[in-house]
Amino acid sequence: MENLEPQRERNLFGMTKEERKKIEVEEGLENLSRYLDGLFRIPGTGWRFGLDSLIGLVPNVGDTLTSFASFYILLAGVRYGVPKITLLRMAFNIGLDYLVGTIPFIGDAFDFFWKSNKRNM
């Protein structure tokens with residue numbers, strides 16, 4: 001029997017345009033997560049921190065800005081059809097990061113250890 005399915009245009013690696021775009025979006029989300037939670041490493045230790053910790057040092061504004069970036073990862077989960085319970089956990093991670101992050105000094109230390117974006121990926 002003949003395959004009556006329409007042929008999709010594939011590149012040299014055997015991927016369609018849609019598949020390539022999905023991979024690019026996933027890589028972009030991974031990069032955003034890395035920038036927010038693990039961009040810098042403290043020499044001599046395994047500790048990493050990102051822009052979330054640095055920007056979070058600015059009272060109120062910093063935590064709000066980094067929460068918007070975190071919500072982008074959550075919205076990508078919605079678009080990909082991630083189960084609702086997982087989306088709820090992701091939202092909890094973001095909310096906890098934001099709420100504790102608003103507490104001076106304690107929130108900054110919390111941002112250093114609680115990597116909500118890495119957890120959400």
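Is L65 buried, partly exposed or exposed? I began my notes with this residue, and in the predicted model I found L65 to be partly exposed, because its relative accessibility is 48% and the class of exposed residues begins only over 50%.

**Overall layout.** I then went back to the whole protein, for which I counted six helices and two strands, and I wrote down their order from the N terminus as α-β-β-α-α-α-α-α. For the 121 residues of the protein I noted that 31% are buried, and for the accessible surface I noted about 8,600 Å², with 65% of it belonging to carbon and sulfur atoms. I also looked up how the contacts are spread along the sequence: of those with a separation of 6 or more, 48% are between residues 24 or more positions apart.

**Helix α3 and the nonpolar patch.** L65 lies in helix α3, which I recorded as residues 61–79, and L65 is one of the members of a nonpolar surface patch. I listed the patch in full as Y35, F40, L51, L54, I55, L57, V58, V61, L65, F68 and F71, which together have about 960 Å² of accessible area. When I asked which helix gives the most to this patch, I found that α3 does so, with four residues. Helix α2, residues 51–55, is also a contributor, in that α2 and α3 each supply at least two residues of the patch.

I next took S67, which is also placed in helix α3, and I classed S67 as buried because its relative accessible area is 8%, where the limit for that class is under 20%. Setting aside the neighbours of S67 within four places in sequence, I found S67 in contact with I94 and Y98.

**Helix α4 and the loop after it.** In helix α4, which spans residues 84–101, I looked up L99 and entered this residue as exposed, because its relative accessibility is 56%. I also took the distance between the C-alpha atoms of L99 and T64, which came to 9.9 Å for two residues that are 35 apart along the chain.

F105 belongs to the loop between α4 and α5, the latter being residues 106–113, and I marked F105 for its backbone, since its phi is positive, at about 65°, although the residue is not a glycine. As a reminder to myself, most residues other than glycine have a negative phi. I also entered F105 as exposed, because its relative accessibility is 70%.

**Charged patches.** Which residues gather in the patch of negative charge on the surface? I found E24, E26, E27 and E30 there, and I followed up E24, which is located in helix α1, residues 17–37. E24 is exposed, because its relative accessible area is 53% and the threshold for that class is over 50%.

For the opposite sign, I found a positive surface patch formed by R34, R41, R48 and K118. I placed K118 in helix α6, residues 116–120, and I classed K118 as partly exposed because its relative accessibility is 40%, a value that falls between the limits of under 20% for buried and over 50% for exposed.

Methods
Residues numbered from 1 in each chain as written. Predicted model: local features only at pLDDT ≥ 70, side-chain atom pairs only at ≥ 80, totals over all residues. Heavy atoms only, no water. Patch = residues over 30% accessible without salt bridge, like charges linked within 9 Å, V, L, I, M, F, W, Y side chains within 5 Å. Areas by Shrake-Rupley, 256 points an atom, 1.4 Å probe, with all protein chains shown as cover. Salt bridge = Lys/Arg side-chain N within 4 Å of Asp/Glu carboxyl O. Lys, Arg positive; Asp, Glu negative; His and termini not counted. Charge placed at Lys NZ, Arg CZ, Asp CG, Glu CD. Buried < 20%, exposed > 50% of the residue type's maximum accessible area, 1.4 Å probe, protein only. Contact = heavy atoms within 4.5 Å.
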